[in-house]
Amino acid sequence: MNFQVLRNSFIVGSLGVSFTGFIALFTPYQQFSQFLISSGLGSLGASNLAIVSSQKISNKKRNKLLAEIDSLRTETNSFASMLADKHKLLVSADEEIEKQHQDISNLLALSTQLETELKATKELLNDTQSINFETAVTTLRESLETAQSQINSLIPYLVKKFPDVRNNCTELLNQFNHDCKQLSAQIGVISDNSSLSNEDLIAACIAIQHEIILKGSSIKAKLYKAACDHLQKQLYNVIPITEHEEKLTKLREYFLGNIKAIQAEFGQVADGVISAYKQDFSEVVNDGLAQSQELETLQNQILSLNGKLQDLSKPLQFVGTSESARVGNSIINYYSSKLGITLDAIDFNSTDSGYKLLFHLSRNNRFIPCDQLNDGNNPDKIKELSGSLTTPKFTQSERGNYVSLDIELRKQEKKTLTIEDVRRLIEPSNKFGELVSRYHQNKPTLRVMTRTGGGKGIAVKNLLHHYINHWENWELWLSDPQHGSFEDYWNCPKIAKNPSQAANILEQFIEEFTDRKNNQSFNPDIPVVGVFDETDKTFDKKQKGGISQIWTEIRHRKMKLILIGQSSEVGKNGWTWDEMNNCGLMFIGDAIGTAIKHADDMGWSQDMKSKIPSIYAKVSEFFNQQNADIPTKNHYRLALLIDGMKYDFVEIPPALDGELTNNKSWLVSSPWQSKALKEGQNIACVHCGSLDIKKNGKSNDKQRYSCNSCGKSFSV
């Protein structure tokens, strides 16, 4: 908006009204002259204040807008330079393309924002007539203060310059101060009434503003009139009017000539400036067009590269028109469009029941677990796309970042296993002792677990038979708290035959380990195997805690343990499943199912969790069918051996008939009896193993002995 033209328009209008009032002084309508003069002057002052205020607001917003435009021009130039630099990297750097695309989006967003702000600014400029309450009151007070300041400055000046007008000035000043108090009171009324509508506020402000201008202009006119009267008297007394008018005419002509010369010179300068501006503007426009064309070229290249990038980002499809390729591609498209997951086709293989699809997941920006692929109704959707008889689910490969999907289109005929098929899955019974011994050599404690009647006694008796015939000079301490029961088939020497004796032997076993550790043992060179049946029921948590403190360290002291339990739910009996990893484990029969249930607790690998249940299901089904017509002692029995990530299935030999006969190692009925057996005797000191003993009476039908070496007594 051209405020100078607006100001000139108001000045011309106001002077026209005032001039009309001045003419009216010489007409019969003199009563209107003062009103017209005051109105013209008031309109002139009010319009000047309003235009000044509006111009300030407009200048502030125009400057802000120009600053934003300069900032935008700077950012545009910077962006153009950046695009030129980044163009060289577009082919080899997909990430840079994405970044430039983002920068262009930001620039478009900034342009949209700028356009919105320009529109808002235009609306604000068009709506300058609306003012708020506080601004109106402040403007009125400033106008009043300005008028007072002008009058208070004018009167001392006139009094000093024209002393004869002092009296008139004093009267006019008193009158004006009285008028200012009234106007200030009126402004206070508006300030106290903040509920005025916008129209009422504008009307009240215009009225008071008009009154301020009227009062100020009126007193100025009177003061200037007094000064003019004084000067006129002096002029009449100093110079004739005609001569004065002639001098004024000459002075006017002189200044008019100077003004015309200035205007001509200004016109020439302005024309030069305008010409230079047009030339500069033309150059800027041409540069802008060139940059715009270059930017358009870069945008086209970006669009082309984005198209290529989108093609490259699409999942790899299966090649061919087969059913496997069609279903695989539909699954790829489903996961890509719905979940944004990239499944790259690798290959497909035929199976007995259908086919298997292989997909790669490496192009996803994060690891995609199978649980996410199998989440929700995704398997049902795959079943719908493939026509599978079952609900397919993805499985993760352990050797690479790819997954497989089995599609079953027909039921696989169930194959009846033969004994040859079974023995390809497991180790034969003739290797039972050798295989278990190998696990027991690796871990000094062997934990045997099965239900009551599950065959733990048969398995351990076969194992002890192997030990006494293959291990050299070991002393085997068999503890059987259920000695003499209906199902006692051990038929061999036992070192403990009731729970109390079992507890004592366990305590002696732990003491022997402590003595060997402290170099205080009498028989450190005799290897000992402690075989404890009914471990879970016989020993309390404190005793089991003592076992867990030594069951790995005994390997260094020529000692081993076999812990036999009826319950495979070890967590209910004082130990936890992760503690079982300290032992070699033998699960027999149904206990294998319990072990499978706790696979995660024991940290099984994915291979173990998938293969062990499969083998167990096949072999146990075959054994159950065969056992239907076989006597119990000759039943097929299956054992699972576990040592960390190593495992083996082995068939347990049939039950051994008859006694276990000592050979290379000895089953003993008392500690250190093996030393006596080697010498053809039957008893050795249970404390020190000395053979220098003598009978010392009886106690409860048991023979008592005293040792001449250690001086202690014992009964056997």
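Okay, quick definition before we start: when I give an angle, it's the angle between the N-to-C directions of two axes, anywhere from 0 to 180 degrees. And keep in mind that this is a predicted model.

So, with that angle in hand, look at helix α18, residues 606-627. It lies across β10 (637-643) and β11, and it runs at about 5 degrees to β11.

Those two strands belong to something bigger, so let's walk through the sheet. It's an open sheet of eight strands with mixed pairing, and the order is β11-β10-β9-β5-β8-β7-β6-β12. Who's on the outside? β11 (646-652) and β12 (666-668) stand at the edges; each has a single partner strand, so one side of each has no neighbour in the sheet. Ignoring direction, neighbouring strands are turned by 20 degrees against each other on average.

A quick reminder: strands in a sheet pair through backbone hydrogen bonds, either parallel or antiparallel. Let's zoom in on one pair. Strand β5, residues 445-449, runs parallel to strand β9, residues 584-588, and four bridges join them. And which residue in β9 is the bridge partner of V448? That's M586.

Now over to a pair of helices. α14 (residues 499-517) and α16 (residues 541-550) pack at an angle of about 30 degrees, with axes 11 Å apart. Angles under 35 degrees count as roughly parallel, and these two helices are therefore roughly parallel to each other. The crossing of α14 past α16 is left-handed. What touches what? From α14 you've got A503, L506, F509, I510 and F513, and from α16 there's Q543, G546, I547 and I550. Sort those contact residues and you get seven nonpolar, two polar and no charged.

Terms used:
Residues numbered from 1 in each chain as written. Predicted model: local features only at pLDDT ≥ 70, side-chain atom pairs only at ≥ 80, totals over all residues. Heavy atoms only, no water. Parallel < 35°, antiparallel > 145°, perpendicular 65-115°, else oblique. Left-handed = near helix turned anticlockwise from the far one by under 90°. Contact = heavy atoms within 4.5 Å. Nonpolar A, V, L, I, M, F, W, Y, C, P; charged D, E, K, R; others polar. Pairing = 2+ DSSP bridges.
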